[in-house]
Amino acid sequence: MSHLPRVSGRGFVAAVAAVAATVGGVVTQSAGAPTAVQETALQQRLDGLLNDSRYDGSQVTLVVRDATTGETLYDRNGAERLLPASNTKLFTSTAAMHVLGPSYRFHTDVLATAPVHGGKLRGDLYLKGYGDPTALESDYAGLAKQLKAAGVRRVDGNLIADDSYFDHVRLGDSWGWDDEPFYYNAQISALTLAPNTDYDSGAAIVETRPGAAAGAPVKLDLVPANGVLKIVNTAKTGAAGTSNTINVDRDHGTNVVRVSGSMPLGSSVEQDWVTVWEPELYAADVFRRALTTQGISVSGQIKNAATPTGATRLARDESMTVGELLTPFLKLSNNMHAETLVKTMGAVVEADGSWPAGLDVVTNYAQSVGVDTSRIRLSDGSGLSRKVNVTGDAVTDILIAAQKEPWFKQWYDALPIAGNPERFVGGTLRSRMLNTPAANNLHGKTGSLTGVTALSGYVSNKDGRKLVFSMISNNYLDSPRSIEDAVGVTLASWTDQGTPPAAVTNLKTAQPTCDLERAKAC
C-alpha cells in the first residue's frame, strides 16, 4: 500500500512529480496505467509497523504531517472516523483556551438576601458555584473565614447549595453505568469539590488502615471528612503477609459506599477514590463544617435551590486560571475538567451551561481553524462517550492550527511529555518511550478506552524538523499501544539526510500493567 501526500488544488501527475523530485521517488508510467511512486523510507518503516497481526479485524489511522507547512508525509486511513477516547481533549482544551482565554478563572460565591444584624443572618445562606473543578476543602475554609471577618456568627435559615450555573444533567452521553463509582467518571456540577491537588472534582478519598490485630475491622477515614458518604465497612484485618483484597465501591444511585475484603496486618495506608452522588450537596456539607470550625452556626438544613436575583455577595473564592488548569487537566487526562470546560463555554457564550451548548462552541472553534466538522461528531468533552467520532485529518488540523495561537506555548507545555518521569511533566506518557529519541521530545495526548488507544501530538525528527501526528486504533483484542510508541520513536529517529530511519521494533512498554489514564497507583 502506497501512502502519497494529499493532493490539494493540484493535479495528480503534478503531485507525483513533486514527490519524485523531493524524495527521490521513481516515476514510471505506461499507457493506460496509473502513475506509481516509490515509497519513502519513512513510509516503508511506518507501513511495516502498522502491518501487524494485532490489526487483523481492527482499525487504525495514522497521519503524519510537517508541523510548519502542513505537508502530509504519511496517511493511513486519515479520513476514516474512529473513537478517539481522550484525544477528544485536544478539541476541548484548544477551544477553551480560545473561547475562555488563558486568564479565565472560575469562582464560588457565598450570598444572602437578608441583612446581617448583630452577627445573625436572619435568612438563608447561599453557596453558589460557577463550575470550579479545582475547589478544595481549604477553599471552602477560606470562604468561611471571609464570612467570619464580615461579622457573621449565626445563620438562622438553611444553607442552600446552588449549582444552577450548569444544567442538572450529571453524566455524559453513553457513559458506562459501571464506571460511575470511579474518579474518572464523576458527576458534573457547577458546585463541586476535589479531595486533593489532582483536582478530581466530584470525588472523595477513602483511606484504609489495618486494625490492631488480625480479625479486627479495618480503620477508615474520609478525605475530606463529610457526612454525605455513608460507609458500610465489612472489611477485616488479615494476618501479616496475606493478600490485600480491599474493595471500595458505591451503590448506584446512592452515597452508600461499601468497603469489603481483607487488609494484612502491618500494611501502609491505602487510598481509594470514590465519586459522590450529587456533588453540590457534598460541597455544601464540607462548607458547613468549615463554618462550624469558624464558630458560625447554621440552624437549618442543607438544601438545593437557585439563589434569588438581587442577593448580596458576602464572600468569593477564585480558582487558578484556565491556562494553569491545563497542567493537571492534560498531564493526568482529567475527564471532569474537560466536561466542566465544555459546560462553562456553553454558559459563557450561549448562557446555557449544558453539553449541547458547550459542544456547539467547541465545534465552532474547530471549524474556524479549518477542521471539516461535517466529518466528525463530538458527544462530550473528554472522550468517555462512545459516540465521539473524529478523524486523523481533523486531529492534525487542530494540532497545526494551535501553533498559530497566542496561547500555544502554555498549551503545548501542558501536554504529556514522553519518557519524563515527573508526574506533572511526563503525565500519562511518563513511563513510555523511555531512553529513546522520543523521550523529552514528543509532546502528545494519550487516549484509552476498552478496545481504543490513541496518541496524537508533536515530535521533532533527528534534524529538528517538527512533525504533527495522530494515531488512533479501534476494536483490537490485543493492545497495539507498543506500536504507538514505536511510531513515536521512528518519527523522532527519522532524518531528511537520506539515511533511513532506525528500525524500531514494537517496544515493550515500561509502564505498569495498569492504565495511566485510569489508575492512581501508576
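This report covers the sheets, cores and salt bridges of one predicted model.

## The antiparallel sheet

One open sheet has 5 strands, in the order β2-β1-β22-β21-β20. Its pairing is antiparallel. The edges are β2 (72-76) and β20 (443-449). Each has a single partner strand, so one side of each is left without a neighbour in the sheet. Neighbouring strands are turned by 5 degrees against each other on average, direction ignored.

Inside this sheet, β1 (residues 59-66) pairs with β22 (residues 466-474). The two strands are antiparallel and share 8 bridges. To find the register, start at Val 60, which stands opposite Ser 473 in β22.

Two helices pack here. Helix α9 (residues 392-402) touches β1, β2, β21 (452-460) and β22. The direction of α9 makes about 30 degrees with that of β1. Helix α12 (residues 481-493) lies across β1, β20, β21 and β22. Against β21, helix α12 runs at about 10 degrees.

## The mixed sheet

Another open sheet also has 5 strands, ordered β18-β8-β6-β3-β19. Here the pairing is mixed. Its edge strands are β18 (302-304) and β19 (312-321), and each pairs on one side only. The twist averages 20 degrees from one strand to the next.

Strand β3 (residues 105-112) runs antiparallel to β19, and 7 bridges join them. One reference point is Arg 105, whose bridge partner in β19 is Thr 321. Helix α4 (residues 137-149) packs on this sheet. The strands touched by α4 are β3, β6 (125-129) and β19. Its direction makes about 150 degrees with that of β19.

## The nonpolar cores

In soluble globular proteins, nonpolar side chains tend to be buried together. In this model, the largest nonpolar core holds 61 residues. Six members touch the most other members: Phe 91, Leu 341, Met 345, Val 390, Trp 411 and Tyr 458.

Take Trp 411 from that group. Leaving out residues up to four places away in sequence, Trp 411 touches Leu 90, Ser 93, Thr 94, Met 97, Leu 326, Leu 330, Leu 399, Ala 402 and Tyr 458. Apart from the largest core lies another, of 41 residues. Among its members are Val 110, Leu 193, Leu 291 and Ile 296.

How much of helix α3 (residues 89-99) is buried? It is mostly covered, with 9 of its 11 residues buried. The buried residues are Lys 89, Leu 90, Phe 91, Thr 92, Ser 93, Thr 94, Ala 95, Ala 96 and Met 97. Polar names such as Thr 92 and Ser 93 are therefore on the buried list too, where the cut-off is under 20% relative accessible area. Just after α3, Gly 101 takes a positive phi of about 95 degrees.

## Salt bridges

Side chains of opposite charge can pair when their charged atoms come close. The model has 23 salt bridges. Three of them are listed here.

| Pair | Closest N to O distance |
|---|---|
| Arg 465 and Glu 71 | 3.5 Å |
| Asp 221 and Arg 209 | 2.7 Å |
| Asp 496 and Arg 465 | 3.1 Å |

Consider the salt bridge of Arg 465 with Glu 71. Arg 465 lies in the loop between β21 and β22, and Glu 71 in the loop between β1 and β2, so the pair ties together parts that are 394 residues apart in sequence. Arg 465 is partly exposed, with a relative accessible area of 21%. Glu 71 is partly exposed too, at 35%.

Next is the salt bridge between Asp 221 and Arg 209. Asp 221 sits in strand β10 (residues 219-223) and Arg 209 in strand β9 (residues 203-209), 12 residues apart. Asp 221 is partly exposed, with a relative accessible area of 39%. Arg 209 counts as partly exposed at 28%.

Arg 465 also forms a salt bridge with Asp 496. Asp 496 lies in the segment after α12 and Arg 465 in the loop between β21 and β22, so this pair ties together parts 31 residues apart in sequence. At 37% relative accessibility, Asp 496 counts as partly exposed. Salt bridges that share partners join Asp 66, Glu 71, Arg 465 and Asp 496 into one network.

Methods. Residues are numbered from 1 along each chain as its sequence is written. This is a predicted model: local features need pLDDT of at least 70, side-chain atom pairs count only at pLDDT 80 or more; totals for chains, interfaces and linings use all residues. Side-chain values use heavy atoms; hydrogens and water are left out. Two strands pair if DSSP finds at least two bridges between them. Helices (H or I, at least four residues) and strands (E, at least two) are DSSP runs, numbered from the N terminus. Axes are lines fitted to C-alpha atoms, for helices over the stretch in contact, and angles run from 0 to 180 degrees between N-to-C directions. Contact means heavy atoms within 4.5 Å. A nonpolar core is a set of buried Ala, Val, Leu, Ile, Met, Phe, Trp, Tyr and Cys residues joined through side-chain atoms within 4.5 Å. Buried means under 20% relative accessible area, exposed over 50%, partly exposed in between (1.4 Å probe, protein chains only). A salt bridge is a side-chain nitrogen of Lys or Arg within 4 Å of a carboxyl oxygen of Asp or Glu.
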